[in-house]
Amino acid sequence: LMSQDALNETLVSHRQRLWLYAVGVLVLLFLILPVLIVIPMSFSDSRFLTFPPPSLSLRWYQAYLGSPEWMDATRVSLTAAFFTTLLATPLGVAAAYGLRVAEARFLRAVQLVLLMPLMVPIIIIAIGVFFVFAKLNLVGTMLGLVLAHTLMATPFVVVTTLAGLRG
């Protein structure tokens, strides 16, 4: 057990942490500020992006919602996201659970393979996936898109679930 003096030495007051709070606020502002500029710009009626917008309009939202190409792209994105979530979540949770409870020697190697998409540059993965999918005739298909996204999403599920299981 720690003595009261040793405990008091390790405690840091809010006043001593004030610089940390200030840095945190500055980082949050840095991350949020672009959104606070882009949203008002989206209501501009001008042909080019200007800030502040000269006048307000729903012109760009009407163009987006009225465009069949944009609606098709949105549908494809949402469909791919839905099925990717449907695949990556149970795969990642099962893998994380297996890594947590298993007592095999090769556990580190399995974990490394599962987390490899986080370590390998995305362009290398894309080239590899393209060549494999080309041989399997999956290029340009919804199945190919979902499988590629699942490959990239599963490590995030594994890391998050492992952290939860360890906690």
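**Exercise 1. The bend in α5**

At which residue does α5 bend, and which proline follows within four residues?

Solution. This is a predicted model, and the steps below describe that model.

- Step 1. Take the extent of helix α5, which covers residues 107-119. Its 13 residues reach 18 Å from the first C-alpha to the last, close to the 18 Å expected at 1.5 Å a residue.
- Step 2. Find the bend. The helix α5 turns by about 35° at V113.
- Step 3. Look past V113 for a proline. P117 follows within four residues.

**Exercise 2. The buried side of α5**

State which residues of α5 are buried and what covers them.

Solution.

- Step 1. List the buried positions. In α5 these are Q111, L115 and P117.
- Step 2. Identify the cover. The elements over these buried residues include α4, α6 and α7.
- Step 3. Examine Q111, which sits in helix α5. Its relative accessible area is 15%, and burial means under 20%, so Q111 counts as buried.
- Step 4. Find what Q111 touches. Beyond residues up to four places away in sequence, Q111 touches L99, L162 and R166.
- Step 5. Do the same for L115. Apart from neighbours within four places in sequence, L115 is in contact with P155, V158 and V159.

**Exercise 3. The largest nonpolar core**

Name the members of the largest nonpolar core and say which helix supplies the largest share.

Solution.

- Step 1. Collect the members. The core has 6 residues in all: A95, A96, L99, L115, V158 and L162.
- Step 2. Assign helices. At least two residues of this core come from each of α4 (68-101) and α7 (142-166).
- Step 3. Compare the shares. The largest one, 3 residues, belongs to α4.
- Step 4. Add the general background. Nonpolar side chains tend to be buried together in soluble globular proteins.

**Exercise 4. Helix α4**

Describe the length of α4, its buried residues and one exposed residue in it.

Solution.

- Step 1. Check the span. The 34 residues of α4 reach 49 Å from the first C-alpha to the last, close to the 50 Å expected at 1.5 Å a residue.
- Step 2. List the burial. A80, T84, A88, G92, A95, A96 and L99 are buried in α4.
- Step 3. Identify the cover. Over these buried residues of α4 lie elements that include α5 and α7.
- Step 4. Turn to E69, another residue of helix α4. E69 has a relative accessible area of 58%, and the cut-off for exposed is over 50%, so E69 is exposed.
- Step 5. Look at the side chain of E69. It makes a polar contact of 3.1 Å with the side chain of S67.

**Exercise 5. Helix α2 and the loop after it**

Is S44, in the loop between α2 and α3, buried or exposed?

Solution.

- Step 1. Begin with helix α2, residues 18-42. At 1.5 Å a residue its 25 residues should span 36 Å, and the end C-alpha atoms are 36 Å apart, which agrees.
- Step 2. Note the bend. At I32, α2 bends by about 35°, and the proline P34 follows within four residues.
- Step 3. Move on to S44, in the loop between α2 and α3 (59-66).
- Step 4. Apply the cut-off. S44 has 2% relative accessibility, under the 20% limit, and so counts as buried.
- Step 5. List its surroundings. Leaving aside neighbours within four places in sequence, S44 is in contact with T50, P53, P54, S55, S57 and W60.
- Step 6. Add the polar contact. The side chains of S44 and S46 are joined at 3.0 Å.

**Exercise 6. A loop residue with positive phi**

Where is N137, and what is its phi?

Solution.

- Step 1. Locate the residue. N137 lies in the loop between α6 (122-135) and α7.
- Step 2. Read the angle. N137 has a positive phi of about 55°, although it is not a glycine.
- Step 3. Check accessibility. With 66% relative accessibility, N137 counts as exposed.

**Exercise 7. The whole chain**

Why is the protein chain described as more spread out than a compact globule?

Solution.

- Step 1. Count the elements. The protein chain has 7 helices and 0 strands.
- Step 2. Compare radii. The radius of gyration is 24 Å, well over the 15 Å that the globule rule gives for 167 residues, so the chain is more spread out than a compact globule.
- Step 3. Give the dimensions. Along its principal axes the C-alpha trace spans about 70 × 55 × 25 Å.
- Step 4. Add burial. Of the 167 residues in the protein chain, 17% are buried.
- Step 5. Add contact range. Among contacts between residues at least 6 apart in sequence, 50% join residues at least 24 apart.

Methods
Residues numbered from 1 in each chain as written. Predicted model: local features only at pLDDT ≥ 70, side-chain atom pairs only at ≥ 80, totals over all residues. Heavy atoms only, no water. Core = buried A, V, L, I, M, F, W, Y, C linked by side-chain atoms within 4.5 Å. Buried < 20%, exposed > 50% of the residue type's maximum accessible area, 1.4 Å probe, protein only. Contact = heavy atoms within 4.5 Å. Expected span 1.5 Å × (residues − 1). Bend = angle between axes of the 7 residues up to and from the residue. Polar contact = N/O pair within 3.5 Å; in protein donor to acceptor, adjacent residues only side chain to side chain. Rg over C-alpha atoms; globule rule 2.2 N^0.38 Å.
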